[in-house]
Amino acid sequence: MTEQRVAIVTGGARGIGAAIARRLAEQGRAVAVVDLDESSTTEVVEAIRAGSGRAIGIGADVAEAEAVESAVARAADELGAPTILVNNAGILRDNLLFKMTDDDWDAVVAVHLRGAFLMSRAVQRHQVQAGWGRIVSLSSTSALGNRGQANYAAVKAGLQGFTKTLAIELGRYGVTANAIAPGFIATDMLRQTAERMKVSFDDFLAAAAREIPVARVGQPQDVAEAAAFFTSDAASFVSGQVLYVAGGPKA
Ligand code: NAP
């Protein structure tokens, strides 16, 4: 039997990350679910174990170098060398440019860009040693520009350049890097946006669906399916790509 591959999914406690963690477990991966607070990962970890999968929860802030090093070391000790990484942890600090604070900017850059950088640097050691690896980072349709999201658009576009560079540097070691750019996916993150805009979440979803060619908003599972493909053995010749999962054409 071939050895079970180990995946780390950041921000895996809920939303898109939770769906990805569960989908990768269904694909036979052991999964380290990393999130800010270890206790928040319990539901996902228990669900994976209930399906006879292997999973652990790890509390770590992906923007903190020491926390990242110990999270990756713990995943390696308890599950085996991690060779699949999904950079999914994310936050929003939306505001129009003239109202955006230094903290709004720095917090978003820290979690998305510094987080993806620190995690990828720590995991690539295991990938290079194994001669196999998969890195998937969550970009967004906001990378194309979005009112009120100068910080978020910048990091999501940045993650696309980051991904293409990792693909170029790591390809010779059997490691691919790809990005998924979701459109409107119904999660708590967008519940916050609806609250900020003072509309009910249901009205917000209905209005979004009217603008989407497939006439519905996305679900975390839609993104998880793309992550399952990019992290599969079969996707070894697909690298440096950005896949828009948005119910219609983008970019
Ligand atoms: P979500 O429901 O808000 O989940 C994000 C998760 O990341 C939460 O569990 C959160 O923990 C965790 N997290 C935040 N900061 C962290 C940090 N510093 N270290 C570790 N974990 C951290 O968001 P989502 O909608 O599933 O989004 C997941 C990813 O997809 C994000 O990168 C987002 O930008 C991207 N995306 C989402 C959409 C969408 O429509 N939802 C569209 C395009 C792209 P806490 O709960 O403790 O805060």
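Leu96 is found in the loop between β4 and α4, and in this predicted model it counts as partly exposed because its relative accessibility is 27%, a value between the 20% below which a residue is called buried and the 50% above which it is called exposed. Although Leu96 and Arg147 are 51 residues apart along the chain, their C-alpha atoms are separated by 7.0 Å.

From this loop the reader can step back to strand β4, which covers residues 82-87 and is mostly covered, with 6 of its 6 residues buried. Strand β4 has a partner in β1, residues 6-10, to which it is joined by 4 bridges, and the two strands run parallel; within this pairing, Ala7 stands opposite Ile84 of β4. Another partner of β4 is strand β5, residues 133-138, again parallel and again joined by 4 bridges, and here Val86 stands opposite Val136 of β5. Between β4 and β5 comes helix α4, residues 102-130, and together β4, α4 and β5 make a right-handed β-α-β unit.

A further pairing of strands involves β2 and β3, which run parallel and are joined by 5 bridges. In this pair, Val31 has Ala55 of β3 as its bridge partner. The chain passes from β2 to β3 by way of helix α2, residues 42-50, and this β-α-β crossover is right-handed. Because 4 of the 5 residues of β3 are buried, strand β3 is largely enclosed by the rest of the structure.

The nonpolar interior comes next. The largest nonpolar core has 30 residues, and Ile8, Ala32, Ile58, Val72, Met119 and Ile135 are those with the most contacts inside it. At least two residues of this core come from each of β1, β2 (30-35), β3 (55-59), α3 (65-79), α4, α5 (150-170) and β6 (175-182). The largest share, 6 residues, is supplied by α4, the helix that also belongs to the right-handed unit with β4 and β5.

Empty space inside the model is a separate matter. Rolling a probe the size of a water molecule over the atoms shows where such space is left. The structure holds 1 cavity of 30 Å³ or more, and about 60 Å³ of space lies in the largest cavity. The residues that line the largest cavity are Thr10, Val62, Asn87, Asn88, Ala89, Val111, His112, Gly115, Ala116, Leu138, Lys156 and Leu159. The elements that give two or more residues to this lining are α4 and α5, and α4 gives the most, with 4 residues. By class, the lining of the largest cavity divides into 6 nonpolar, 5 polar and 1 charged residues.

Pockets, in contrast to cavities, are open, and the second largest pocket has a volume of about 300 Å³. Its lining is made by 17 residues, of which Glu3, Gln4, Arg5, Ala81 and Thr83 are the closest to its centre. Helix α4 gives the most to this lining too, with 3 residues. The lining of the second largest pocket has 4 nonpolar, 8 polar and 5 charged residues.

One of the residues closest to the centre of that pocket, Gln4, is found in the segment before β1, and it counts as partly exposed because its relative accessibility is 30%. The C-alpha atoms of Gln4 and Gly28 are separated by 7.0 Å, while the two residues are 24 residues apart along the chain.

The walk ends in two loops further along the chain. The place of Lys198 is in the loop between α6 (188-196) and α7 (201-210), and the phi angle of Lys198 is near 60 degrees, a positive value in a residue other than glycine. With a relative accessible area of 75%, Lys198 is exposed. Ala215 lies in the loop between α7 and α8 (220-230), where its phi is near 60 degrees, likewise a positive value in a residue other than glycine. Ala215 is also exposed, since its relative accessible area is 57%, a value over the 50% that the term requires.

Key: Residues are numbered from 1 along each chain as its sequence is written. This is a predicted model: local features need pLDDT of at least 70, side-chain atom pairs count only at pLDDT 80 or more; totals for chains, interfaces and linings use all residues. Side-chain values use heavy atoms; hydrogens and water are left out. Buried means under 20% relative accessible area, exposed over 50%, partly exposed in between (1.4 Å probe, protein chains only). Two strands pair if DSSP finds at least two bridges between them. A crossover is right-handed if, with the strands pointing away from the viewer, the path from the first strand over the helix to the second runs clockwise. On a 1 Å grid over the protein atoms alone, a cavity is a set of points where a 1.4 Å probe fits but cannot get out, and a pocket is an open set with protein on both sides within 12 Å along at least five of seven lines; lining residues have an atom within 4 Å of a point. Grid points are joined across faces, edges and corners, and a volume is the space filled by probe spheres set on the points. Ala, Val, Leu, Ile, Met, Phe, Trp, Tyr, Cys and Pro count as nonpolar, Asp, Glu, Lys and Arg as charged, and the others, Gly among them, as polar. A nonpolar core is a set of buried Ala, Val, Leu, Ile, Met, Phe, Trp, Tyr and Cys residues joined through side-chain atoms within 4.5 Å.
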